[in-house]
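Today I'm hunting for salt bridges. I'll jot down what I look up as I go.

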Amino acid sequence: MKKTLTVLLALGVMGVISANAADAKENWEKNCAKCHGADGTGKTKMGEKLKVKDYTTATAQGALKDEGMTKAIKEGVKEGDSTRMKAYGDVLSDDEVKALVAYFRAFKK
Ligand code: HEC
């Protein structure tokens, strides 16, 4: 009986995790891929125009901190007065931002 419960619990948790992963992928493709590319390389028209880094490299990923990424996604990225990346704090929930940070990390080769 205890074993059955554990298995059910584990399946439940896995369900939640895969649902989150699907959300992150959807959010990524909808909001982020036009600049960063579906694969994080930034090889898109917009990405090349903005000179977005290739975030599949260990160097680019290593330079990032989870808190910094969260902040960038929520508050946007500015250079002086110009907005390089807009803020998503109003369109994405904290959980969605967190899932996107994990999704972003997974681009590392
Ligand atoms: C208009 C183009 C654009 C869109 C759309 C965009 N970004 Fe960015 N993003 C940038 C630019 C430009 C930078 C600046 C750093 C660089 O050169 O790569 C950046 C930087 C980042 C960084 C690194 C921040 C740091 O700490 O240096 C993260 C993480 C990130 N973006 C995630 C996202 C996520 C997640 C989304 C979607 C919700 C998104 N971006 C949408 C252009 C964009």
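Which residue forms a salt bridge with Glu-79? I looked it up in this predicted model, and the partner is Arg-84. Their closest N and O atoms sit 3.7 Å apart, so the pair makes the 4 Å cut-off.

Next I checked how open the two ends are. Glu-79 comes out at 52% relative accessibility, so I put it down as exposed. Arg-84 is at 34%, and that counts as partly exposed.

Why would such residues pair up at all? Side chains of opposite charge can do so when their charged atoms come close.

Entry two: I went to helix H4, where Lys-71 and Glu-75 are four residues apart. That spacing is about one helical turn. These two form a salt bridge as well, with the closest N and O atoms 3.5 Å apart. Glu-75 is exposed, at a relative accessible area of 51%.

Entry three: I wanted a pair that links distant parts of the chain, and Arg-105 with Asp-66 does that. I found Arg-105 in helix H5 (residues 94-105) and Asp-66 in helix H4 (residues 66-75), 39 residues apart. Still, the closest N and O atoms of this salt bridge are 2.9 Å apart. Both ends are partly exposed: Arg-105 has a relative accessible area of 26%, and Asp-66 has 38%.

Last note: how many salt bridges does the count come to? I got five, and the ones I wrote up here include Glu-79 with Arg-84, Lys-71 with Glu-75 and Arg-105 with Asp-66.

Notes:
Residues numbered from 1 in each chain as written. Predicted model: local features only at pLDDT ≥ 70, side-chain atom pairs only at ≥ 80, totals over all residues. Heavy atoms only, no water. Salt bridge = Lys/Arg side-chain N within 4 Å of Asp/Glu carboxyl O. Buried < 20%, exposed > 50% of the residue type's maximum accessible area, 1.4 Å probe, protein only.
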